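Good morning, and thank you for joining this group meeting. I would ask you to look at the sequence and the structure while I speak.

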Amino acid sequence: MNNCSIDCVIVGGGPAGLTAALYLARYRRTTSVVESGESRARLIPVARNVQGFPSGVSGEAWLANLREQLTPYGVGPEHAKVETIAAVSDGFRIDYRPTCGSEEAMRSMHAKRVLLAAGIRDGLPLMPNADELTRSGLFRLCPICDGYETDGKPSP
């Protein structure tokens, strides 16, 4: 285990986790983001309720912009799945397994704080192309984005 403690580990690389990482980095806090790459935002075809994008932005572009904004601070999400978070005397031990290679070894880090920004996982229908239908906007998930976008309109 690496005994070097960082200020905060953020579990989740979606909009909430990346925004939190940006604020912490700007406050000069050492920060690490661990993400599985499964943010539900990646499936959004266009969101028109994102500040700074009045005509909308795709989920993939939104996430890419957030990651790019973190670049000057040296914070890049690590693609991994958190296995355990354990309280220790001076913070937390986070055990995680990188997902970039096959059979990657378990790793650990120590942090004073942990911020859980893992969001939720949608229950997509059991069909082979559910992700593609969601990305194309034919299958809608979010009551905030999609409910507003489709209110009073006929089904496609």
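**The second largest pocket and its surroundings**

Let me begin with a pocket. In this predicted model, the second largest pocket is lined by Thr19, Leu22, Tyr23, Val50, Gln51, Phe53, Trp62, Asn65, Leu66 and Gln69. Two elements, α1 (15-26) and α2 (59-70), each give two or more residues to that lining. The element that contributes the most is α2, with four residues. The volume of the second largest pocket comes to about 280 Å³. Sorted by class, its lining holds six nonpolar and four polar residues, and no charged ones.

Let me now place this pocket within the whole chain. The protein chain contains four helices and five strands. Read from the N terminus, these elements follow the order β-α-β-α-β-β-β-α-α. Of the 156 residues in the protein chain, 33% are buried. Among contacts with a separation of 6 or more, 46% join residues that are 24 or more positions apart.

I return to α1. This helix has twelve residues, and from its first C-alpha to its last it reaches 16 Å, close to the 16 Å expected at 1.5 Å a residue. Which residues of α1 are buried? They are Pro15, Gly17, Leu18, Ala20, Ala21, Leu22 and Ala25. As a general point, an α-helix has 3.6 residues a turn, so residues three or four places apart point the same way. The buried residues of α1 pack against β1 (5-11), β2 (31-35), α2 and β5 (107-116). Just after α1 comes arginine 28, which takes a positive phi of about 65°.

The next topic is the nonpolar cores. The largest nonpolar core has 18 residues, and those with the most contacts inside it are Ile10, Leu18, Ala21, Val33, Leu70 and Val75. At least two residues of this core come from each of β1, α1 and α2. The largest share is that of α1, which supplies five residues. Apart from this core lies another, of nine residues, which includes Val9, Val34, Ile94 and Tyr96.

One member of each core deserves a closer look. In the largest core, I choose valine 75. Leaving aside neighbours within four places in sequence, valine 75 is in contact with Ala21, Ala25, Thr31, Val33 and Leu70.

From the core of nine residues, I choose isoleucine 94, which lies in strand β4 (residues 91-98). Is isoleucine 94 buried or exposed? Isoleucine 94 counts as buried because its relative accessibility is 0%. With neighbours within four places in sequence set aside, isoleucine 94 is in contact with Val9, Val82, Thr84, Ile85, Arg107, Ser108, Met109, Ala111 and Val114. One of these partners, valine 82, is twelve residues from isoleucine 94 in sequence and 7.0 Å from it in space, C-alpha to C-alpha.

I close with a residue from a loop. Phenylalanine 139 is found between α3 (130-136) and α4 (145-150). Because its relative accessibility is 28%, phenylalanine 139 counts as partly exposed. Beyond neighbours within four places in sequence, phenylalanine 139 is in contact with Leu124, Pro125, Leu133 and Thr134. Phenylalanine 139 and leucine 124 stand 15 residues apart in sequence, and 9.2 Å separates them in space, C-alpha to C-alpha.

Thank you for your attention.

Key. Residues numbered from 1 in each chain as written. Predicted model: local features only at pLDDT ≥ 70, side-chain atom pairs only at ≥ 80, totals over all residues. Heavy atoms only, no water. 1 Å grid on protein atoms, 1.4 Å probe; cavity = no way out; pocket = protein on both sides within 12 Å on 5 of 7 lines; lining within 4 Å. Points joined across faces, edges and corners; volume = space filled by probe spheres on them. Nonpolar A, V, L, I, M, F, W, Y, C, P; charged D, E, K, R; others polar. Expected span 1.5 Å × (residues − 1). Buried < 20%, exposed > 50% of the residue type's maximum accessible area, 1.4 Å probe, protein only. Contact = heavy atoms within 4.5 Å. Core = buried A, V, L, I, M, F, W, Y, C linked by side-chain atoms within 4.5 Å.
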